[in-house]
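Thanks for coming. I will take a few charged pairs, one helix contact and two backbone angles, in that order.

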Amino acid sequence: MALRLLLLCFLAISLATSEASHDYGDALKKCITFFEGQRSGKLPSNQRLTWRRDSALKDGSAAHVDLTGGYYDAGDNVKFGFPMAFTATLLSWSVIDFGKSMGSELEHALSAVRWATDYLLKASATPGVLYVQVGDAFSDHNCWERPEDMDTLRTVYKVDKDHPGSDVAGETAAALAAASIVFRERDPAYARLLLDRAMSDELLWAAAWLHKASKQRAYREYIKTNEKVLGADDTINEFGWDNKHAGINVLISKEVMIGKAYYLESFKLNADTFICSLLPGSSHRQIDYSPGGLIFKTGGSNMQHVTALSFLLLAYSNYMSHSNQHVPCGGDVTATPARLKQIAKRQVDYILGDNPMRMSYMVGYGERFPRRIHHRASSLPSLTSHPARIGCKAGTRYYLAPGPNPNLLVGAVVGGPNRTDSFPDSRQIFQLSEPTTYINAPLVGLLAYFWAHP
């Protein structure tokens with residue numbers, strides 16, 4: 001009990017104060033730049049991370065389709081459709097809710113969304129088929145080589161009526177629908193193409209975005225009818241590329257609080273419970289915090305939970321503000337818009353350096369940041385400095401090298417410290433040192449908001 005009280009006191013102090021003033025605009029620029037380092041395919045002339053070059057230009061040829069482009073979602077060279085689609089969804093949501101706060105970085109954010117959706121359109125171009133992965137994970141993970149040198153298997157995986165995969169199909173539909181809102185006024189023809197393609201699937205997460213994008217009654221009815229069947233009230237404190245429950249509830253709650261769609265009130269009640277599960281001191285709290293104040297969930301790559309859950313806190317706080325609401329969380333704890341923003345900001349500030357290690361977990365931001373990230377392209381010499389090919393096993397010496405990575409993957413946010421706020425800067429500990437696109441995607445929205453509202 002004494003330890004719990006001590007932790008709560010520490011968290012209260014941490015949430016009430018920030019140790020440093022951060023340049024959220026600079027962090028936002030770097031956060032978006034990171035996606036350029038993850039690009040696959042033919043790179044454009046305005047590529048800012050110039051140490052990266054064209055790669056995987058024959059992707060899809062094994063299945064006689066064009067699957068070039070898209071993102072490598074992490075530090076390897078496989079293209080996984082599920083996390084890529086989730087990345088596109090969260091980037092789009094960031095633009096939808098916080099695009100007005102992005103200033104000059106908005107165009108770069110739009111480019112990041114489009115790089116993903118252009119690929120997802122290719123992956124869904126064949127009727128009844130969705131291509132969901134390019135590359136063999138076992139073959140790829142057995143090598144340490146630059147994407148530009150890749151000679152590992154580029155096996156193509158798909159889902160169709162004989163090989164079902166409703167989860168990844170639903171995420172792809174959600175991504176296309178969300179992006180259609182982003183481009184509705186900026187590029188109507190492209191937005192229409194995205195929405196038309198998205199309408200081929202109707203899972204709950206996809207239906208929520210399709211309803212938001214199309215306003216069609218059918219999707220509203222689908223959401224309401226399938227709420228229990230598809231488990232919108234299950235595991236409500238989870239949100240990530242493999243679990244959308246909390247995101248569904250927060251997204252639909254906006255319709256309740258701002259759009260007055262009271263027939264969807266049950267989703268708001270689920271969202272309220274989710275919010276209370278995150279609040280320190282709440283009798284409903286289900287999320288742990290590290291001694292230094294970081295949201296912590298067991299498993300690898302904890303920062304994916306930190307940024308995704310913080311994004312939902314910020315989004316929900318804005319919806320609550322518009323409807324002048326607060327949520328009682330038991331005892332004397334109440335979730336107010338200001339309180340939720342405070343918690344979300346504390347998480348962002350922790351990432352940027354207000355933590356026991358006194359380091360930023362974003363590469364290139366601040367004076368001290370991870371230098372040995374688990375990332376093939378970053379850790380191997382660039383083509384400029386080493387034009388000759390580096391083979392599969394020849395790259396192992398760079399993986400094991402004690403020195404810093406030669407190429408700065410600007411804006412990459414790593415998996416983060418362990419439960420005790422410790423971070424060994426080692427590319428061999430991939431759970432802590434590997435960046436991912438789905439860590440950065442929700443962070444784009446968070447940084448945009450706090451740049452405009454420091």
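**Charged pairs, a helix contact and two loops**

Lys-79 is buried, with a relative accessible area of 0%. Buried here means under 20% relative accessible area, exposed means over 50%, and partly exposed lies in between, with a 1.4 Å probe and protein chains only.

Before going on, a note on the source. This is a predicted model, in which local features need pLDDT of at least 70 and side-chain atom pairs count only at pLDDT 80 or more, while totals for chains, interfaces and linings use all residues. Residues are numbered from 1 along each chain as its sequence is written, and side-chain values use heavy atoms, with hydrogens and water left out.

Back to Lys-79. What does its side chain meet in a salt bridge? The partner is Asp-59, at 2.9 Å from N to O. A salt bridge is a side-chain nitrogen of Lys or Arg within 4 Å of a carboxyl oxygen of Asp or Glu. Asp-59 sits in the loop between helix H2 (24–37) and strand E1 (79–80), and Lys-79 in strand E1, so the pair links distant parts of the chain, 20 residues apart. Helices (H or I, at least four residues) and strands (E, at least two) are DSSP runs, numbered from the N terminus. Asp-59 is also buried, at 3% relative accessibility. Arg-154 joins these two in a network of salt bridges.

How many salt bridges does the structure hold? The count is 23. In general, side chains of opposite charge can pair when their charged atoms come close.

A second pair is Lys-122 with Asp-66, at 3.4 Å from N to O. Lys-122 is in helix H4 (residues 106–123) and Asp-66 in the loop between H2 and E1, 56 residues apart. Both ends are partly exposed: Lys-122 has 30% relative accessibility, and Asp-66 has 42%.

The third pair is Glu-171 and Lys-244, whose closest N and O atoms are 2.8 Å apart. Here 73 residues separate Glu-171 in helix H6 (residues 166–182) from Lys-244 in the loop between helix H9 (217–226) and helix H10 (245–257). Are these residues buried or exposed? Glu-171 is buried at 1%, and Lys-244 is buried at 11%.

Next, the helix contact. H6 and helix H8 (residues 204–214) pack at an angle of about 20 degrees, with their axes 8 Å apart. Axes are lines fitted to C-alpha atoms, for helices over the stretch in contact, and angles run from 0 to 180 degrees between N-to-C directions. H6 is therefore roughly parallel to H8, a label for angles under 35 degrees; over 145 is roughly antiparallel, 65 to 115 roughly perpendicular, and the rest oblique.

Contact means heavy atoms within 4.5 Å. On the H6 side the contact residues include Gly-170, Glu-171, Ala-173 and Ala-174. On the H8 side they include Trp-205, Trp-209 and Leu-210. Glu-171 thus appears both in this contact and in the salt bridge with Lys-244.

Last, the backbone. Phi of His-64 is near 60 degrees, a positive value in a residue other than glycine. His-64 lies in the loop between H2 and E1 and is exposed, at 75% relative accessibility. Arg-358, also not a glycine, has a positive phi of about 55 degrees. Its place is in the loop between helix H13 (337–352) and helix H14 (376–379). Arg-358 is exposed, with a relative accessible area of 53%.
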